[in-house]
Amino acid sequence: MLIGLLFGLPLALLAGASPGAESAPSALQLAQQQDCFSCHAIDHDVVGPAWLKIAQTYDGQPQAATILTFKVLNGGAGHWGSVPMPAHPKLSEADAKQIVKWILSLKGNLRKEPTTTYTYKDESGKPVTVDFKIFNDKHQVTDNVFSGYEKYDSYCYRCHGPDAVGGEYAPDLRKSIANGMNRRDFFIVAMEGRKDKGMPDWAGFFTADEMEQIYEYVKARQLGVIGPGRPRSAGD
Ligand code: HEC
Ligand code: HEC
């Protein structure tokens, strides 16, 4: 529904607006309004543990959201060290839960070192190797890569250019990856944004798994394994 709405909007209306800005604040915005970021960061320990580490630790535990919401509201120490987290008495339980659910959703990005690699040919026939699958047996792109293409084409292209070739306002993401930006760096910039430079934040709008899809699409473009335009998918 949201996608349909956005498609119909003139670009000018969308430019500069952060995703979901007109609706309730995203989990990331809630966390920014609170003091969370004075002690936490997405990918590294500050005073408290990195969000990614928390997500990985509690992965698969059905009670995690409830337990962590209680901890954020009431504070406490002992789980990660002796430094306590302060209580947050002014934060509503619903908002605390929304932030915690978002933190837990970041787990998808902390994959173990991939054990499988896939080799494909780029447009000049040179073999390239990646740690995710780009094509299925029928030489159609995987659902992940296709979803990444669709998301890129709806939300990133207006600044980063169609087909990930770079735009007037924002860099060529293929070059960013070619110059050494890895999956995690890509994820962190895309989730946190660079507000001062005009890059919106997408945390709370995309889950970690959805951002992985966008990364896979851009990476496949960077390697020259898929060309410009709509890639052929299982739905065709
Ligand atoms: C003054 C520093 C500080 C602030 C501010 C802070 N935290 Fe923490 N946080 C910590 C510390 C330290 C720990 C580790 C506590 C422990 O060892 O049990 C922690 C742990 C956590 C955990 C994991 C708890 C567990 O038991 O595993 C979550 C989730 C969390 N913080 C979320 C938040 C959120 C959300 C906010 C903002 C509303 C926030 N924190 C604000 C310092 C802070
Ligand atoms: C409103 C315009 C805009 C939109 C929409 C946008 N970006 Fe950006 N993005 C930028 C700008 C501007 C920069 C450069 C920031 C800087 O100079 O540090 C940037 C930088 C980045 C970078 C870091 C590149 C580098 O080399 O440092 C990544 C990764 C990124 N964007 C991913 C995305 C993804 C993924 C999407 C879609 C979900 C997206 N962006 C949508 C404007 C945008």
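Helices here are DSSP runs of H or I at least four residues long, numbered from the N terminus. The model is predicted.

**Stop 1: the loop between α8 and α9**

Select Asp163, which sits in the loop between α8 (143-160) and α9 (173-178). Its phi is positive, about 60°, although Asp163 is not a glycine. Most residues other than glycine have a negative phi. Is Asp163 buried, exposed or partly exposed? Asp163 counts as partly exposed because 18 C-beta neighbours lie inside 10 Å, and the buried class begins at 20.

Now select Ala164, which lies in the loop between α8 and α9 as well. Ala164 also has a positive phi, near 60°, and is a residue other than glycine. Ala164 has 26 other C-beta atoms within 10 Å, so it is buried.

**Stop 2: Ala178 in α9**

Go on to Ala178, a residue of helix α9. Ala178 counts as exposed because it has 12 C-beta neighbours inside 10 Å, and the exposed class takes in counts of 12 or fewer. Add Gln222 to the selection and check the C-alpha atoms of the pair: Ala178 and Gln222 are 44 residues apart along the chain, and these atoms are separated by 6.9 Å.

**Stop 3: the shell around ligand 1**

Select ligand 1 and display its surroundings. How many residues surround ligand 1? There are 28, and the closest are Cys36, Cys39, Gly48, His79 and Met85. Colour the helices next: α4 (36-39), α6 (64-74) and α7 (93-105) each supply at least two residues of this shell. Coloured by class, the shell around ligand 1 shows 17 nonpolar, nine polar and two charged residues.

**Stop 4: α6 against α7**

Keep α6 and α7 in view and hide the rest. Two packed helices are described by the angle between their axes and the distance between the axes. The axes of α6 and α7 come within 9 Å and cross at roughly 125°. That angle makes α6 oblique to α7, because angles over 115 degrees and up to 145 fall in neither the perpendicular nor the antiparallel class. The crossing of the two helices, α6 and α7, is right-handed.

To see the contact, show these side chains:

- from α6: Ala64, Ala65, Leu68, Thr69, Val72 and Leu73
- from α7: Glu93, Ala96, Lys97, Val100, Lys101 and Leu104

Sorted by class, the contact of α6 with α7 has eight nonpolar, one polar and three charged residues.

Technical notes:
Residues numbered from 1 in each chain as written. Chains lettered and ligands numbered in written order. Predicted model: local features only at pLDDT ≥ 70, side-chain atom pairs only at ≥ 80, totals over all residues. Near = placed C-beta within 6 Å. Nonpolar A, V, L, I, M, F, W, Y, C, P; charged D, E, K, R; others polar. Axes fitted to C-alpha atoms, helices over the stretch in contact; angles between N-to-C directions. Parallel < 35°, antiparallel > 145°, perpendicular 65-115°, else oblique. Left-handed = near helix turned anticlockwise from the far one by under 90°. Contact = placed C-beta atoms within 7 Å.
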